[in-house]
Amino acid sequence: MSSRFPTLLLREWMQHKRGWLLTLVLPPAFILSILPFSHTNGLPDHALAAGLIVVLGMTLLMLAISAISVGFQLSGLARRDVQDRSIEFWLSLPSSHGESLAATLLAHVLLVPLAAVVFGFGMGYVMAAAAALKSAGLAGLASIPWAQITALALPAAARLAVGVPLALIWAAPLVMLLMASAAWLKRWSVAAMVGALLITCTILPKVYGIVLVRDWLRDQTRGAWHALLANPEAIASSPEQMSNVDSATAWQWATGDFTNELHALLSWQLASGLAIAALGFYLLILRRQRAG
Amino acid sequence: MQSWNDSAPIYQQLADRLAVQLLDGAPPEGEALPSVRQLAGQYLINPLTVSRALQALVDKGLVESRRGQGMYVTAGARDRLRRTERTRFLEREWPALRARLGRLGISSADLDWKDTQ
Amino acid sequence: MNLIEANELTLRYGKKTALERVSFSIPKGRVYGLLGHNGAGKTSLMKALVGLLPTDGQLSVLGLDPRRQRTELLSQLCYIPDVAVLPRWARVHELITLMSGLQPRFSADRARQLLKRTSVGLDDKVKSLSKGMVVQAHLALIAAIDAKLMILDEPTLGLDVMSRKGFYELLIDEWCDGERTVLISTHQVEEVETLLSDVLMLDEGRLVLNISLQDMDQRFVALSHDPAQADAVAAAHPLLRYRQTGGRGAAIFDGTPPEHVMGLGERIRPNLVDLFMALTRKPALAPSQS
């Protein structure tokens, strides 16, 4: 019983590791490869600000790439085992439908983006070093205030990392509905989702004045964004101000911001979202039960 | 895979086959027969059917069960078996064969007769 | 205690009845053949046994309710579904790792030992294996589960003769030890006949025969006769009449026919294939005790 869930996660790694690793490694590799030929003039002269932008920028980029990639894969994931006909094999092994689905979701939607954040953070340093090397040689490398950058970047990246699961809680209804529709409607799921979006966000408000769904979607999306990246302006709004911020202040900001977002979870908006997500999950279980 | 005919139940046919092997001295008297599982795997027959076949051999006195050790060929089994097979051949199969030889006009001179020992 | 107890199992898909009031018990140490034509209900019955389909009636497998205790049941039995496909992306040793973590009764060492009998290597990717090797690998993996009951749904469908033979050898050598039971469904009756100890015959959802092969030899009487006697034999209402190779006629009776009919020919063994043909085209017999 206790080794089942980890094994299900291990399955995800075994099946998808190549894709995951490629998605992680290719973007930085690409950037590094074009670095020698690019101009690094766009960055502000202030070394701290420049370093921060590169490190945090890389982290955000990797997260974005990971999120987009997951978004594309979600509908495929919903039908993955049915399409390669291995579903009957998995159903012949003792694991509950809920467990199996949860493991898949956890791995792809949470663990991989988190890995992207961590990896992106590390890569950011590599990028910064490479850019410095390129523009000013070894001297440039030495002149970068690594410690200061880390003092500010680490709290920000940590905030981003804990923001991912929070944002996922907000995004849950959309994710689950997307997967459920892919599982049930197969090829028509994309059309159905697009159609539903169009209807609820344009036709209903414009023709019937029903803005309920559109507003709900808007609030849900806003909740997700804030969960992820609340307001960076709270720390400092200019490169000069940033040098005045020390590590303790940065951590204070990060934890305070996170706590605010935790409070934001206690809302009817979120509760309604979770209810819809639960419905989506139930629909997925139903589908898996029938697949045998 | 399929080499059983419809003349008799499978267990009987297996018993007959094992008896033929006994006649040939495989295994010799006093030695053990292959285990039920070995025979089952060799002939691709259910172990229960194999057990019935061995029981049929026990009933004929050709084989005995030694507690915890399996089935052993009884002393004198070969001779006993030979005698019954001889009787069967002479009483049932030979008359038909002899009639056929007569019909075909085959004499003992035509037959490639060697001492069978 | 019987491993499987089924009572009045009924399964309906809308208008179609897949199983109709099927009742039987299966004890340990047997090889049960579930015979039936395509669409007779074999796969439906097996899916019901492992909790994949809901049924009316009572069903108890290894003492558990398959529908409600599905996960627990699956951790105690071996099941190869119809056209089960091993995940094509996986390597064999990866499957061993996964099964070790998911199936508490699985033994990785035993699996490796069983795989040595096949031509499948631990490092092989499933997608590089031929169909026969995939089935052998699957069986080796499943047989490494220490369970009392193995359920196989048409496992040798589409395999060549050598693979089928290897499959049955593995089954007999490594699995049938007198304590475990195998339930194997097939419509290739002739091939599997010698492996079986008992037979369940399904015809359009109904159980038309439930008998041990030993009892079958005694209950059904087959007669081989001269073609000239055909009418006389037919008058005794056999279950089935057919032609043997060589031109002789043959007939199968349920129970011993009168002496004068027996005198018309010689008694031969009623083979399962012929019995299958006889029973799956005629109204059901009263199932005998197994």
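Which elements of chain B do the buried residues of α3(B) pack against? They pack against α1 (10-23), α2 (36-43), β1 (63-66) and β2 (70-73) of chain B. The structure described here is a predicted model.

**Chain B**

The secondary structure of chain B consists of four helices and two strands, and along the sequence these follow the pattern α-α-α-β-β-α. The radius of gyration of chain B is 17 Å, well over the 13 Å that the globule rule gives for 117 residues, so chain B is more spread out than a compact globule. Along its principal axes, the C-alpha trace of chain B spans about 55 × 30 × 20 Å. Of the 117 residues in chain B, 26% are buried. Among contacts in chain B with a separation of 6 or more, 60% are between residues 24 or more positions apart.

**Helix α3 of chain B**

Helix α3 of chain B covers residues 47-59. Its 13 residues, at 1.5 Å a residue, should span 18 Å, and the end C-alpha atoms are 18 Å apart, which agrees. The buried residues in α3(B) are B:Pro47, B:Leu48, B:Thr49, B:Val50, B:Arg52, B:Ala53, B:Leu54 and B:Leu57. An α-helix has 3.6 residues a turn, so residues three or four places apart point the same way. After α3(B) comes B:Gly61, which has a positive phi, near 80°.

**Chain A and chain C**

The contact between these chains takes 20 residues from chain A and 19 residues from chain C. On the side of chain A that touches chain C, α1 (4-34) and α4 (87-91) of chain A each supply at least two residues. The largest share there, seven residues, comes from α1(A).

**The two domains of chain C**

The domain assignment of chain C gives domain 1 (4-204) and domain 2 (215-279). Their C-alpha centres lie 34 Å apart. Seven residues from domain 1 of chain C and six residues from domain 2 of chain C make up the contact. On the side of domain 1 that touches domain 2, α7 (189-192) and β8 (198-203) of chain C each supply at least two residues. Here the largest share, three residues, comes from β8(C).

The table gives the make-up of two contacting sides.

| Side | Nonpolar | Polar | Charged |
|---|---|---|---|
| Chain A, touching chain C | seven residues | eight residues | five residues |
| Domain 1 of chain C, touching domain 2 of chain C | four residues | no residues | three residues |

Definitions and conventions:
Residues are numbered from 1 along each chain as its sequence is written. Chains are lettered from A and ligands numbered from 1 in the order in which they are written. This is a predicted model: local features need pLDDT of at least 70, side-chain atom pairs count only at pLDDT 80 or more; totals for chains, interfaces and linings use all residues. The expected span of a helix is 1.5 Å times one less than its number of residues. A residue is buried if 20 or more other C-beta atoms lie within 10 Å of its own, exposed if 12 or fewer, and partly exposed in between; C-beta atoms are placed from the backbone. Two residues are in contact if their C-beta atoms, placed from the backbone, lie within 7 Å. Ala, Val, Leu, Ile, Met, Phe, Trp, Tyr, Cys and Pro count as nonpolar, Asp, Glu, Lys and Arg as charged, and the others, Gly among them, as polar. Domain bounds come from an automatic or database domain assignment. The radius of gyration is taken over C-alpha atoms; the globule rule is 2.2 Å times the number of residues to the power 0.38.
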